[in-house]
Amino acid sequence: MNLTTIALLVLTPFLVWRVYSRLRTMMARQRSILSRHWTGVGVFLAMVLVPASELVSRPEGLAWLLAGTAGGIAYGVWGLRLTRFEDSDEGYYFTPNARLGILIAMLFTARVLYIGFEIYANQGSNVPTARFTDSPLTMLVVGLTGGYFGTYSAGLWRWRLKLKKAATK
């Protein structure tokens with residue numbers, strides 16, 4: 001083991017802890033901003049459609065991505081049901097279920113870290129680096145993440161539009 005490997009092993013738990021603590025603060029009561037919701041829908045839709053466009057010729061990988069997306073959508077609908085929505089004089093607020101969002105985000109973080117470690121471990125060897133879309137597990141996690149957060153953003157967007165429509169009546 002060289003010094004870089006030891007530093008990587010020592011710093012990884014710190015990185016995971018920082019990601020977790022950041023997610024923990026993000027999963028608290030938040031002001032609902034309509035532009036963030038539709039941006040979230042677009043970003044997470046792209047997160048699924050970009051790999052899907054590469055996987056069109058590889059049905060197994062596409063199946064894993066779509067299975068993850070379907071699971072993420074179902075998980076997102078469940079998450080929206082557990083969300084507390086507030087329409088107060090100060091504005092619109094929502095409080096997501098912290099456990100659900102943190103679980104999906106940490107799963108995605110763990111997969112990204114694993115890919116990073118794999119790339120690091122294969123440096124200098126003649127082993128070719130696999131493409132991002134080659135791993136069924138990665139596609140499942142990407143689908144789960146995109147499906148969950150995309151559905152959640154769409155649900156928040158829909159909630160706000162429903163409130164806006166009710167206010168104009």
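Is the crossing of α4 and α5 left-handed or right-handed? Hold that thought, and let's work up to it.

**Before you start**

This is a predicted model, where local features need pLDDT of at least 70, side-chain atom pairs count only at pLDDT 80 or more, and totals for chains, interfaces and linings use all residues. Residues are numbered from 1 along each chain as its sequence is written, and side-chain values use heavy atoms, with hydrogens and water left out.

**Exercise 1. Describe the crossing of α4 and α5.**

Step 1. Two packed helices are described by the angle between their axes and the distance between the axes. Axes are lines fitted to C-alpha atoms, for helices over the stretch in contact, and angles run from 0 to 180 degrees between N-to-C directions.

Step 2. Now the values: α4 and α5 pack at about 150 degrees, with axes 10 Å apart.

Step 3. Here's the answer to the opening question: α4 and α5 cross in a left-handed way. A crossing is left-handed if the near helix is turned anticlockwise from the far one by less than a right angle, and right-handed if clockwise.

Step 4. Look for the residues that touch (contact means heavy atoms within 4.5 Å). From α4 they include Leu-100, Ile-104 and Phe-108, and from α5 they include Leu-137, Val-141 and Leu-144.

Step 5. Sort the contact of α4 with α5 by class: 12 nonpolar, 3 polar and 1 charged. Ala, Val, Leu, Ile, Met, Phe, Trp, Tyr, Cys and Pro count as nonpolar, Asp, Glu, Lys and Arg as charged, and the others, Gly among them, as polar.

**Exercise 2. Count the helices and strands, and put them in order.**

Step 1. Helices (H or I, at least four residues) and strands (E, at least two) are DSSP runs, numbered from the N terminus.

Step 2. The chain comes to 5 helices and 3 strands.

Step 3. Reading along the sequence gives α-β-α-α-β-β-α-α.

Step 4. For the overall dimensions, the C-alpha trace spans about 65 × 40 × 20 Å along its principal axes.

**Exercise 3. Work out how α1 runs against α4, and what Thr-12 does there.**

Step 1. The axes of α1 (residues 3-26) and α4 (residues 98-121) come within 10 Å and cross at roughly 160 degrees. That makes α1 roughly antiparallel to α4 (under 35 degrees counts as roughly parallel, over 145 as roughly antiparallel, 65 to 115 as roughly perpendicular and the rest as oblique).

Step 2. The crossing of α1 and α4 is right-handed. By class, their contact has 13 nonpolar, 4 polar and 1 charged residues.

Step 3. Zoom in on Thr-12, which is found in α1. Thr-12 has a relative accessible area of 16%, so it's buried (buried means under 20% relative accessible area, exposed over 50%, partly exposed in between, with a 1.4 Å probe and protein chains only).

Step 4. Setting aside neighbours within four places in sequence, Thr-12 is in contact with Leu-113 and Phe-117. Both of these α4 residues are among those that meet α1.

**Exercise 4. Check the lengths of α2 and α3, then find what they pack against.**

Step 1. The expected span of a helix is 1.5 Å times one less than its number of residues.

Step 2. Helix α2 (residues 34-54) has 21 residues and should span 30 Å; its end C-alpha atoms are 31 Å apart, which agrees.

Step 3. Helix α3 has 23 residues and reaches 33 Å, close to the 33 Å expected.

Step 4. Among the buried residues of α2 are His-37, Met-47 and Pro-51, and the buried residues of α2 pack against α3 (59-81), β3 (91-95), α4 and α5 (136-168).

Step 5. In α3, the buried residues include Gly-61, Leu-65 and Tyr-75. The partners of the buried α3 residues are α2, β2 (84-88), α4 and α5.

**Exercise 5. Classify Phe-132 and Val-112, and spot their distant partners.**

Step 1. Phe-132 is found in the loop between α4 and α5. Its relative accessibility is 40%, so Phe-132 counts as partly exposed.

Step 2. Phe-132 touches Ile-115, Thr-138, Met-139 and Val-142, not counting residues up to four places away in sequence. Phe-132 and Ile-115 are 17 residues apart in sequence, and their C-alpha atoms are 8.4 Å apart.

Step 3. Val-112 lies in α4 and is partly exposed, at 41%. The C-alpha atoms of Val-112 and Thr-138 are 8.5 Å apart, with their positions 26 residues apart along the chain.
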